[in-house]
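Colleague: I am new to this structure and would rather know one part well than everything a little. Please pick a single part and take me through it closely, together with what lies around it.

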Amino acid sequence: MSSVITIYTDGACSGNPGKGGWGAVILKEEEEIHLSGFEPLTTNNQMELTATIEALKSITKTSNIHLYTDSQYVKNGINQWIFNWKKNGWITANKKAVANKELWIELDRCVDSHKVEWFWVKGHSGNHYNEIADKLAVDAIKNS
């Protein structure tokens with residue numbers, strides 16, 4: 001694990017729930033890779049998680065990754081909340097089932113394969129790669 005792979009992810013939803021799209025930009029050495037996908041009925045949080053999962057799954061070799069998301073839900077969930085969720089049998093502090101449990105389990109598995117540093121970036125604030133990830137997500141909805 002030498003060079004750092006940088007990933008920007010974003011999810012979008014037309015209605016919540018509604019049609020959803022996700023996008024990811026992966027910066028790897030001299031390469032810029034764009035990924036995106038669509039779901040006919042989903043939520044914004046599910047698309048944010050899916051973007052992150054799909055981007056990490058596309059990195060097949062154990063790597064150092066800097067992952068940028070505009071979702072506090074994803075960043076805080078994977079860095080803080082997930083530890084207690086797992087310890088408490090996927091029950092929240094409010095004694096409710098964790099929403100999107102299957103996606104959180106999958107994200108946790110993906111993160112285990114890499115050394116990931118998480119960064120929050122404000123959405124729609126002019127960050128070049130976040131804007132591209134957002135456009136990929138929105139276009140996935142439009143082109144469905």
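Modeller: Gladly; here is a close look at one helix, followed by its surroundings.

A word on the model first. This is a predicted model, in which local features need pLDDT of at least 70 and side-chain atom pairs count only at pLDDT 80 or more, while totals for chains, interfaces and linings use all residues. Residues are numbered from 1 along each chain as its sequence is written, and side-chain values use heavy atoms, with hydrogens and water left out.

The part I chose is helix 3, residues 101-112. Helices here are DSSP runs of H or I with at least four residues, strands are runs of E with at least two, and both are numbered from the N terminus. The expected span of a helix is 1.5 Å times one less than its number of residues. For the 12 residues of helix 3 that gives 16 Å, and the end C-alpha atoms are 17 Å apart, which agrees.

Now look at which residues of helix 3 are hidden. Buried means under 20% relative accessible area, exposed means over 50%, and partly exposed is in between, using a 1.4 Å probe and protein chains only. Leu103, Trp104, Leu107, Asp108, Cys110 and Val111 are the buried residues of helix 3. These residues cover an arc of only 160 degrees around the axis, so they sit on the same side of helix 3; the arc is that of the directions from the helix axis to the C-beta atoms. On the other side, Glu102, Arg109 and Asp112 are exposed. The spacing makes sense: an α-helix has 3.6 residues a turn, so residues three or four places apart point the same way.

What lies over the buried side? The cover includes helix 1 (44-57), helix 2 (72-87) and strand 5 (115-120). Contact means heavy atoms within 4.5 Å. Leu107 illustrates this well: leaving aside neighbours within four places in sequence, Leu107 is in contact with Leu49, Thr52, Ile53, Leu56, Val74, Ile78 and Trp118. From the side of helix 1, where Thr50 has its place, Thr50 touches Trp22 and Leu103, again not counting residues up to four places away. Thr50 is buried, at 13% relative accessible area.

Trp104 deserves its own stop. Its relative accessible area is 0%, so Trp104 is buried. To follow its ring, you need one more term: rings of Phe, Tyr and Trp (its six-membered ring) pair if their centres lie within 6.5 Å, with planes under 30 degrees apart counted as stacked, over 60 as edge-to-face and the rest as tilted. The whole structure has 8 aromatic pairs. One of them is stacked: Tyr8 and Tyr68, with 4.6 Å centre to centre and 10 degrees between the planes. Tyr8 belongs to strand 1 (residues 4-15) and Tyr68 to strand 4 (residues 64-69), so this pair ties together parts 60 residues apart in sequence. Trp85 and Trp104, by contrast, have ring centres 5.2 Å apart and planes at 65 degrees, which makes their pair edge-to-face. That pair links helix 2, home of Trp85, to helix 3, home of Trp104, across 19 residues. Trp85 is buried too, with a relative accessible area of 9%. Both tryptophans belong to one aromatic cluster with Tyr73, Trp81 and Trp90. Trp90 lies in the loop between helix 2 and helix 3, and its phi is near 65 degrees, a positive value in a residue other than glycine.

Finally, step back to the core. A nonpolar core is a set of buried Ala, Val, Leu, Ile, Met, Phe, Trp, Tyr and Cys residues joined through side-chain atoms within 4.5 Å. The largest one has 28 residues, and Trp104 and Leu107 are among those with the most contacts inside it, alongside Ile7, Leu56, Ile65 and Trp118. Strand 1, strand 2 (18-28), helix 1, strand 4, helix 2, helix 3 and strand 5 each give two or more residues to this core. Helix 1 gives the most, with 6 residues. Apart from this core lies another, of 6 residues, among them Tyr8, Val25, Leu27 and Ile132.
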